[in-house]
Amino acid sequence: MFGSGPAARPAKEPADGGRPARPAQIIDFTRLREVTSKLVRLEAELEAIFRAFPDVYFWLDAPGTILAFEAGRGADFAQPLELMVGKRIGDAFPPEWGAPLEAAAAEAIGTGAPVSVEFALAASGADRAEGGERSYEARFVPLPARGPAERQLLMIVRDIAERKRAENATKALANAGRELAATLDVAQAVERVVAAALQVCRVRSAALFTLDRAASRLTCVAVSGVREPAAWVGRTLALGDGITGRAVLEARRVGSTDVRRDVRATIPEWLQAAASAEGLGAVLSVPLAWRGEVLGALTLADAAGRVFAAHELEMVAGLASSAALTLQNARLYDETVRRRREAEVIAELARSLNASLELDVVLQRVADGSRELCGADMAAIGLREPDSDAVILQYRSGYVVPEPVRIEPGQGIGGQTLLTGRPFRTDRYIEDARISRDFDRQIRERGIVSSLVVPITPGRRVEGLLYVHNRSPRPFTDRDESILVRLADHAAVAIRNARLFEASESRRHAAEALADVGRLISQSLDPDVVAQRIADSVLTLLGARASELLRIADESGELVAMAAAGHVDSGVVRGAHFPAGEGAAGLAIRTREPVMTPDLPGDARVILAPALREVFARSAWQATLAVPLLVQDRAIGALVVKDRTGRRFDDEDARLLQAFAGQAALALENARVFQETERGRARAQAAAVDSAERFASLVRGLTAIVWEGDAATWQTLFISEAAEDILGYPLIRWYTEPDFWLAHVHPDDRERFRGMRPTTRTDDHELEYRMIAADGRVVWFSDLVHAVRSADGRVRRLHGVMVDITETKRAKEAARVLGDLGRALGHAPDAGPVSRQVAESVRRLFGASAAALYRADRETGAMALIAVAYEAGVSFEWNAELPAGAGAIGLAARERRAVVSRDVVTDPRIVFPPEARARAERGGVRSALAVPLLVKGQVVGALIVGEGAGRTFTDREVILAEAFASQAAFALT
């Protein structure tokens, strides 16, 4: 039977070479032939049986020496079986398995019962190319023995690699199923799917594509096993493109052993380049289907020539089913969360619309909500420029732009929407041939890849644009567009409400201003005062940049400017003389009708001297509206307003200006008839006293600081009570201490102002700077400064209004810093740098002395310091480790909420070990804001902000600290 082994040993031959002596026997040759024939037949049958099984049979003697072997069908060993004959098992097999096999053989001999043992050998043949091992099972069966010395064994070796592979695959699938079922986060789910595919299917790479059926495209949302994930994630395939596109289109499994040579596959350039860079050729793609709906595809890739076996196809199918269920559950959960948040944001916007008429506030909330609900990196809103078709970007979320951006129809994606009035989106802004190249530089600087814009249409025409942008190739969907359209509708309502309110307020102010002028006239006040009041009023009511009231001089007939208001660059100056009949005023006087022109020097109706025309041609203030001052159809002067070139005044503007012109004409005529100088002076003084009282009352009611100072010395002449409320210094110090204001300006801003003193600005201007409050806080101010001139034209005093913009600055800086931290978390696998960035960002943002991050021990709850940032020169000693419950951070962790303490040493809620308390008492940082770092309800650490004793942290600061705590918690997990 064992043809490859040794035959039965023959008897020894005699030394003389002769035949051995045999006893005489009588042989029954007929019986011998029958027995021999039967033995041959039985051996052939047994040989056929052995050949039919994929096993190797070894005949062993009692010591474990291989006497012979018989190889079954398909048996494959790493070494020739012939070389194993005559060797003991321990020598024929690798050392790590020789000893266990010998022990099993000895056990079978000793017990007389079969013994099995599993072992592995290096792969051979096709398996060797994959660099793996093959598993075997050896079964030792004792054979009947004629005597103790003749006991032998049959060792049956069976290849169990497929069984082991199936068992391992089953375990891997089960583990993958548990992993996938443990998350409802879409981003986490897709990452787990591709990681599981790489492990279960033993391929070089795995990618997951989701289907946007409305756009007939697939988007790669996760990839594993490649060197450059950015070359894959976010890229798209059309239905039918590549193996993946075909699998989804045909709703069946599709594969190729070398996709680059597969004539059936249409491969986009980006996919060809990415696959070539990774050395991928063999591809298998399986649709992800849930209840008959294809959600996307799971695609596996390996080196060209890889053929997936039947059991591998079954594993991929099982994994795809689990992945489809997980993806659908995560999408449903994500959709639920997003819809709830969408409803909250929409409700908040509705409340804002009902509660506020401040357009800036509402539109900024719309921009922030758009960025959040669309999961975008950036959002922006632009409003149409007055008297123009262009849009100016004014409200931004997620980024800051130093210069305004003006968008004309046809420029960029916004320009397309201005032309068509329809939404526009692009997955690849720079590569999109539909878009003009006007803004390519800005797009590259901001890293914008995909964009979506919708129109804001409060009436019949587009009045604004709402944008969202992504810095990575994440296309916006129909759902994003639907959300953005709804938010644009809210923005349109806000614009409409603001315009209605503005119109209502304009009419109210016009009525009040006319009534005020009427009262002045009825009281026969000084005509110069009335004229100036009219010039100031029309400037505000018409939203113009300059105004002037001109009277015809009795002697020369020239026009003399009695009053002027607005920008001096407009050429409007009180006391200026103009030749009779020239300009818009001269035309209005001649025609007795209003004159409206968007371009004064270009209007053929208007007479201008060459020198005056040249001055106007260089000016940016060429839009003009002029009405005559008429008394019984007799012209005595004109009222003129000016604005930027291009503005078009309308009939409503003309009617309003005519109403004031009528009042001005009456005032001037009364002044000519009634020359009651003394009486007018007395009433003017009374009016001045009344104005002063009203001014004082107004100043007391403002939350901003109103001040007045000497222009030459900067000595404080007046400071409102709000200064003590905002900064905490007694008002008397402003008046008695030299240079009090400059001494308390932030050191980083002080030198800038110190250099301004010799040349005080003479125009109205706005300044931004910081001051140090009495309690050490840094307060940001926007200071609106007005220069007050004396009769000789010199600037004698400065008036100003200091508005506290600290919260605005902090909110903008917080949004920027949180965005930077989010990007840092996505690129930094090590939590250390991110933790230090969080600590430093919080300290700077709060203007605090110190900030630190602690990590909680999962077993004991003790807190260990992992990052700290402190201001130079600050004296403090913070514990590197605190036991559970100790200090402000222990209290915050115990109560799972933010804790504020004005002095951690004297606060009865806070406990310290003796050594830790001593450190706290020695340090200069005593007040604290501590926030726990929570992940799924578990405390993983704490964030603390410290300052000198007595500082109180506001609710807004608590909310801001909690936002940073969330980022820090993500970094520590």
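This text walks through the structure, from the whole chain to its cores, sheets and single residues.

The model is predicted, so local features need pLDDT of at least 70 and side-chain atom pairs count only at pLDDT 80 or more, while totals for chains, interfaces and linings use all residues. Residues are numbered from 1 along each chain as its sequence is written, and side-chain values use heavy atoms, with hydrogens and water left out.

Start with the whole chain. The protein chain holds 27 helices and 34 strands. Helices (H or I, at least four residues) and strands (E, at least two) are DSSP runs, numbered from the N terminus. Of the 973 residues of the protein chain, 45% count as buried. Buried means under 20% relative accessible area, exposed over 50%, and partly exposed in between, with a 1.4 Å probe and protein chains only. A contact means heavy atoms within 4.5 Å. Among contacts in the protein chain between residues at least 6 apart in sequence, 54% join residues at least 24 apart.

Next come the cores. In soluble globular proteins, nonpolar side chains tend to be buried together. A nonpolar core is a set of buried Ala, Val, Leu, Ile, Met, Phe, Trp, Tyr and Cys residues joined through side-chain atoms within 4.5 Å. The largest nonpolar core has 31 residues, and I534, L549, L629, L639, V641 and L657 touch the most other members. Two or more residues each come from α14 (527-541), β19 (559-566), β22 (623-631), β23 (634-643) and α17 (651-673). Helix α17 gives the most to this core, with nine residues. Apart from this core lies another, of 28 residues, with V834, A869, L933 and A968 among them.

Look closer at L639. Not counting residues up to four places away in sequence, L639 touches I534, V538, E548, L549, L625, A626, V627, L629, L657, F660 and A661. Two of these names, I534 and V538, lead to α14, where both are among the buried residues. The other buried residues of α14 are V530, A531, A535, S537, L539 and L541. Helix α14 has 15 residues and reaches 21 Å from its first C-alpha to its last. That is close to the 21 Å expected at 1.5 Å a residue, where the expected span is 1.5 Å times one less than the number of residues. After α14 comes G543, whose phi is positive, near 60 degrees.

Now the sheets. Strands of a sheet pair through backbone hydrogen bonds, either parallel or antiparallel. Here two strands pair if DSSP finds at least two bridges between them. One open sheet has five strands in the order β25-β24-β28-β27-β26, with antiparallel pairing. Its edge strands are β25 (716-719) and β26 (765-772), each paired on one side only. Inside this sheet, six bridges join β24 (residues 705-710) to β28 (residues 795-804). Residue G709 stands opposite L798 in β28.

Another open sheet has six strands, in the order β31-β30-β29-β34-β33-β32, and its pairing is antiparallel. At the edges stand β31 (881-882) and β32 (899-901), each with a single partner strand, so one side of each is left without a neighbour in the sheet. Strand β31 pairs with β30 (residues 863-870) over two bridges. There, A864 has E881 as its bridge partner. Strands β29 and β34 pair over six bridges, with A852 opposite I944 as bridge partner. Nine bridges join β33 to β34; one partner pair is S927 and E947. These two strands, β33 and β34, form a hairpin with two residues between them. In the turn, K936 has a positive phi of about 55 degrees. Strand β34 is mostly covered, with eight of its 10 residues buried. Helix α25 (residues 887-895) lies across β29 (850-856), β30, β31, β32, β33 (927-935) and β34 (938-947).

Finish with single residues. S205 sits in strand β6 (residues 205-212). At 6% relative accessibility, S205 counts as buried. Not counting residues up to four places away in sequence, S205 touches L198, S224, G225, V226, L280, T299, L300 and A301. Two cysteines are buried as well: C220 has a relative accessible area of 2%, and C374 is at 7% relative accessibility. The structure holds zero disulfides, a disulfide being a pair of cysteine sulfur atoms within 2.5 Å.

Methods. Axes are lines fitted to C-alpha atoms, for helices over the stretch in contact, and angles run from 0 to 180 degrees between N-to-C directions.
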